[in-house]
Amino acid sequence: MAAGNSQTIVAAVYDLTMSAVAASESATISSLVNDATITTTGQGAQAWQVTLSNPAGNAGAGTVSAINFTQGANNGVANWQTTIQAAELFDGSTALAAGTISATSIAFSGLSVGIADNTSKTLTLRLSLKNTAGALKDNAHFQFALTNGDVTAMSNGMTTVSVNSDETQNQITVLATKLGFASVPAYVVTNAAFSAVVQAQDANGNLDVDDTTSVTITKLTGAGTLTGGDALNLLNGTNRWAALVYDTAGTFTMQAAGGSLTTATSGTITALLAPTVTDVFMPQYMQGIASGSSNSKRVPFACRVTFSNLIAGATYRYYNQGVIGTDTATATGAGNCILASPSGSFVRTSSPGLSTAGSYGTFTTDASGSYTGWFVLEPTGNARFGTAGNQVFVRIILNDGNNGTSPKTFLTTPDAATVLAFNTTGANTGTGIWGSSSATDKNFVLLYDNVAGAGQPLAAALVESDGVAENTAASYVKFYNDSVDGISGAWGTIIPNMLANGIQRIEQRKLSDGSLVAANTDSDGVWPSGANTVNPAGGDATPVVITATDAPLTGAAPTTLVITGIQVTGGNVLIDFTGGAADAITDFTVLSTANLTTGLNPIAATITTSGPGLFRATIPLGTPAAFYRIKR
Ligand SMILES: [Ca+2]
Ligand SMILES: [Ca+2]
Ligand SMILES: [Ca+2]
Ligand SMILES: [Ca+2]
């Protein structure tokens with residue numbers, strides 16, 4: 001036998017062909033064809049038919065065991081797995097197998113489709129679509145393809161290289177019957193713009209991109225008034241109302257209505273009053289530089305503030321910065337943060353932000369949406385700190401309270417600190433002061449120019465060691481580097497050179513809740529060791545040193561003061577309160593303010609006792625009505 005005859009026989013082993021059946025596709029497939037399984041030809045939509053033929057002669061009978069439909073070059077449905085609910089292959093009206101749907105293919109296996117010599121078989125692909133909200137892309141076309149490698153046959157094989165379905169057919173169609181809110185905030189601020197997105201949708205929540213209905217948003221429930229919901233035409237089936245405003249704190253819902261589409265109702269939205277920040281301890285002074293572009297004499301600045309009107313029970317990310325009066329309301333300001341973590345070491349960051357762990361702190365609000373905490377700012381070489389006398393406010397930048405990574409709320413202290421430059425003399429200059437003490441690491445030290453601790457402190461400092469080496473050798477003032485940083489119980493800050501009363505009171509307050517741990521006082525500001533805080537003139541080179549004997553900052557933890565009764569009688573206000581059993585009448589100061597937006601100041605009051613720990617303050621009645629605080 002000649003070799004050429006052998007080659008002819010080998011070439012004729014496979015002779016199966018395939019061809020697309022013309023016009024076998026559905027023109028459109030409704031988004032509402034969602035059969036979970038397709039077991040009859042009454043279910044799903046016919047997507048394509050392919051005829052497999054076995055020409056007479058050459059190879060004989062073949063059996064197709066697997067077919068894998070892939071995406072044609074012009075397929076417009078990117079992910080079949082998230083789009084197709086079920087796929088089934090039929091021989092006539094007989095269901096052969098359910099397909100395994102992947103992102104870019106539908107695989108049928110375990111088939112036994114016999115194609116005898118000189119016969120053909122037409123197979124039908126039917127499919128249904130997902131009923132998940134938003135899963136379907138309106139007007140997208142499927143295109144199916146088969147190559148010879150996609151058809152697995154036994155005893156014969158496929159010779160046709162490839163076939164495709166008609167790319168202009170099998171169009172997914174979404175026809176809107178209702179409106180739906182696609183994006184609505186859970187929390188808004190009263191009288192501040194918020195946005196909401198409305199879509200025209202089918203029953204499954206898919207967007208109908210062909211809908212242009214004119215839609216209006218109105219308030220459905222709630223005590224207040226909603227504005228900004230005037231009619232807008234949908235564009236590509238959707239639109240965004242960017243200037244919605246609700247005017248009353250409380251919960252409300254909105255509805256969107258238009259044309260013949262079923263009205264949409266939003267989820268419940270909570271309107272909060274604008275968040276506020278109030279000072280608890282806001283020092284009057286902050287270190288800075290008189291000129292130049294670097295600040296190599298830094299000391300940390302600490303303050304304690306209260307936030308209100310935030311989301312209740314929410315965990316916020318934050319960082320704090322310094323701003324000045326010319327900064328806009330949403331400027332992020334400047335400065336480094338020393339994040340006063342409630343446990344573990346503090347965290348210093350020179351690149352604060354809300355995205356990266358270590359560049360922000362977190363806190364959780366209470367059940368009324370409030371939080372009180374310490375915030376520590378390190379003044380840098382930024383211009384805000386660069387001119388002595390500048391008024392620097394602390395701005396705390398918050399996320400959305402829900403793991404967001406962008407600034408959402410900017411809270412600025414109502415009072416500013418005056419920038420002091422280290423120097424021995426001159427306007428807005430200051431002298432260093434540091435102390436050794438038995439204070440607990442990471443608590444705070446507050447300095448006052450009066451023994452009562454009235455008004456805002458002159459300065460506040462963290463108690464070392466905070467667990468952080470604050471880059472002290474490179475950018476901190478030398479005395480902080482040498483005598484404070486990393487030394488347990490040590491603290492350091494700056495006080496003004498114009499200080500006629502000197503430092504008369506040094507307090508230790510807790511990191512956890514700001515409560516007073518201990519206070520030491522000296523009524524003339526010249527402390528027992530000789531440390532003279534009256535009009536100091538040492539600059540940074542000769543700081544005032546407060547010894548652990550001057551101000552140990554220890555002592556029995558004072559009992560919490562509790563007001564037990566208030567009455568007005570005989571032209572006096574009588575305030576009954578309890579203190580520690582060892583407290584003496586001279587331990588207390590009564591503070592008063594006409595309204596809570598101004599500072600509390602000491603007033604003349606008579607304090608009497610009716611037993612250990614039981615006290616009454618008697619204050620002559622005045623007008624207008626006042627708020628009172630008892631302070632130890
Ligand atoms: Ca044949
Ligand atoms: Ca449509
Ligand atoms: Ca430190
Ligand atoms: Ca003294």
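This passage looks at two groups of paired strands in a predicted model.

A helpful starting point is how such strands hold together. In general, the strands of a sheet pair through backbone hydrogen bonds, in either a parallel or an antiparallel sense.

We begin with strand β37, which covers residues 444-448. Five of its five residues are buried, a label that applies when 20 or more other C-beta atoms lie within 10 Å of a residue's own, so β37 is largely enclosed by the rest of the structure. The side chains can be followed by direction: Phe444, Leu446 and Tyr448 point one way from β37, while Val445 and Leu447 point the other way, and all are buried.

Strand β37 also has pairing partners. With strand β38 (residues 459-462), β37 pairs in the antiparallel sense over four bridges. Its pairing with strand β40 (residues 505-509) is likewise antiparallel, over five bridges. Phenylalanine 444 is a handy residue to trace here: leucine 462 stands opposite it in β38, and arginine 509 is its bridge partner in β40.

A further set of strands lies later in the sequence. Here three strands form an open sheet in the order β46-β45-β49, with antiparallel pairing. The edge strands are β46 (601-602) and β49 (627-631), each of which pairs on one side only. Strand β45, made up of residues 589-593, is joined to β46 in the antiparallel sense over two bridges. To find this contact in the structure, look for serine 592, which stands opposite asparagine 601 in β46.

Technical notes
Residues numbered from 1 in each chain as written. Chains lettered and ligands numbered in written order. Predicted model: local features only at pLDDT ≥ 70, side-chain atom pairs only at ≥ 80, totals over all residues. Pairing = 2+ DSSP bridges. Buried ≥ 20, exposed ≤ 12 C-beta atoms within 10 Å, placed from the backbone.
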